[in-house]
Amino acid sequence: MSARPNQESAVQQAETTSTHRAGFACFVGRPNAGKSTLTNALVGQKVAITSNRPQTTRHTVRGIVHRDDAQLILVDTPGLHKPRTLLGERLNDVVRTTWAEVDVIGFCLPADQKLGPGDKYIVKELAGIKKTPKIAIITKTDLVESKALAEQLLAVSALAEELGFEWAEIVPVSAVGDKQVDLLADLIAPLLPESPPLYPEGDLTDEPEMVMVAELIREAALEGVRDELPHSIAVVVEEMLPRTDRPADKPLLDIHANVYIERPSQKGIIIGPKGKRLKDVGTKSRKHIEALLGTPVFLDLHVKVAKDWQRDPKQLRKLGF
């Protein structure tokens, strides 16, 4: 008789191991909390643009993590913030809509920054979402000593308690140092619903290629510009066409894209002396685009002014918001 419970547990174990889960998880947090870097680290490839400038993510990029037991579809949202423009309001709407549609929410808090009003504002909003499991993720742990990390873990735990809910997990990670990134995936997977894979093996994102190319160009354009410019830059890829007169073994993809800024005075900053800056933007982004698409690229970039586009509904529509 004593063998029976063991047999049962073996059957249960077999059932558990054969269960496949798939679903959506999103990372939220104030701007520049490390959400995009974490998405890229989990997927193992660049699918979200990263920058040391806050507020760089404008689209919900889905990164897809394939595992034997689960498929995690990571939705990378813009940072929730106090909006000052129509674009800001629309970005916040994107965040809230995403929260309502995912299976797990990961709240990202950098290890090297104290819990601030922005974090408390987000966690308060999360406390109102009752059914969705919420994980607290302490990011950028490579930047602090263990004492500071322990204080941050306690602070984020106390905040949830104060607001009347409990984190499903609290996980410290370093996406840059690749510490505990796999553990985070291990903890998210069991919280997803039972389901076959939702995307084919090998797919890393469902973002259209033109959108991803535009984001890579914008990431390169953001590097090294003055503080007021990041919010003013938008990129639209007008066309991507294979060059017709090329032999089959030497393909070339022609990409024509416009970099939009809000004021004529910003044009010189983007183009740089004798066009050097724009040339650097083209060189940097072309390398990433070629890695993404797996083909040589000719990139044709132009800088155009779209006056005050962040505040103009018509211009926002034209630029894809």
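# A tour from strand 4 outward

Start by selecting strands 4 and 5, which run parallel and are joined by 6 bridges; two strands count as paired if DSSP finds at least two bridges between them. Helices (H or I, at least four residues) and strands (E, at least two) are DSSP runs, numbered from the N terminus. Before going on, note that this is a predicted model, in which local features need pLDDT of at least 70, side-chain atom pairs count only at pLDDT 80 or more, and totals for chains, interfaces and linings use all residues. Residues are numbered from 1 along each chain as its sequence is written, and side-chain values use heavy atoms, with hydrogens and water left out.

**Stop 1: strand 4 and its partners**

Colour residues 104-110, which make up strand 4. Is this strand mostly covered, or mostly open? Mostly covered: 7 of its 7 residues are buried, where buried means under 20% relative accessible area, exposed over 50%, and partly exposed in between (1.4 Å probe, protein chains only). In a regular strand the side chains alternate between the two faces of the sheet. Here V104, G106, C108 and P110 lie on one side, with I105, F107 and L109 on the other, and both faces are covered.

Now find P110, whose bridge partner in strand 5 is T139. Add strand 1 (residues 21-28), which is parallel to strand 4 and linked to it by 4 bridges. There, F27 sits opposite G106 of strand 4.

**Stop 2: K140**

Follow strand 5 (134-139) into the loop that leads to helix 5 (146-162), and select K140. Most residues other than glycine have a negative phi. K140 is not a glycine, yet its phi is positive, about 60 degrees. K140 counts as partly exposed, at 23% relative accessibility.

**Stop 3: helix 2 against helix 6**

Select residues 35-43 (helix 2) and 181-188 (helix 6), whose axes come within 10 Å and cross at roughly 85 degrees. Axes are lines fitted to C-alpha atoms, for helices over the stretch in contact, and angles run from 0 to 180 degrees between N-to-C directions. The two helices are therefore roughly perpendicular; angles under 35 degrees count as roughly parallel, over 145 as roughly antiparallel, 65 to 115 as roughly perpendicular and the rest as oblique.

Which residues make the contact? Show L38, A41 and L42 of helix 2 with V181, L184 and A185 of helix 6; contact means heavy atoms within 4.5 Å.

**Stop 4: the sheet of strands 7, 8 and 9**

Move on to an open sheet of 3 strands in the order 7-8-9, with mixed pairing. Strand 7 (234-242) and strand 9 (297-305) are the edges, each pairing on one side only. From one strand to the next, the twist averages 15 degrees.

Strand 8 (residues 253-261) runs parallel to strand 9, and 9 bridges join them. To see one pair, select V259 and its bridge partner in strand 9, V303. Next show helix 7 (residues 209-222), which packs on the sheet and touches strands 7, 8 and 9, its direction making about 125 degrees with that of strand 7. Helix 9 (residues 276-293) also packs on the sheet, touching strands 7, 8 and 9, at about 135 degrees to the direction of strand 9.

**Last stop: K274**

Finish in the loop between helix 8 (267-271) and helix 9, where K274 is found. Its phi is near 55 degrees, a positive value in a residue other than glycine. K274 is exposed, with a relative accessible area of 90%.
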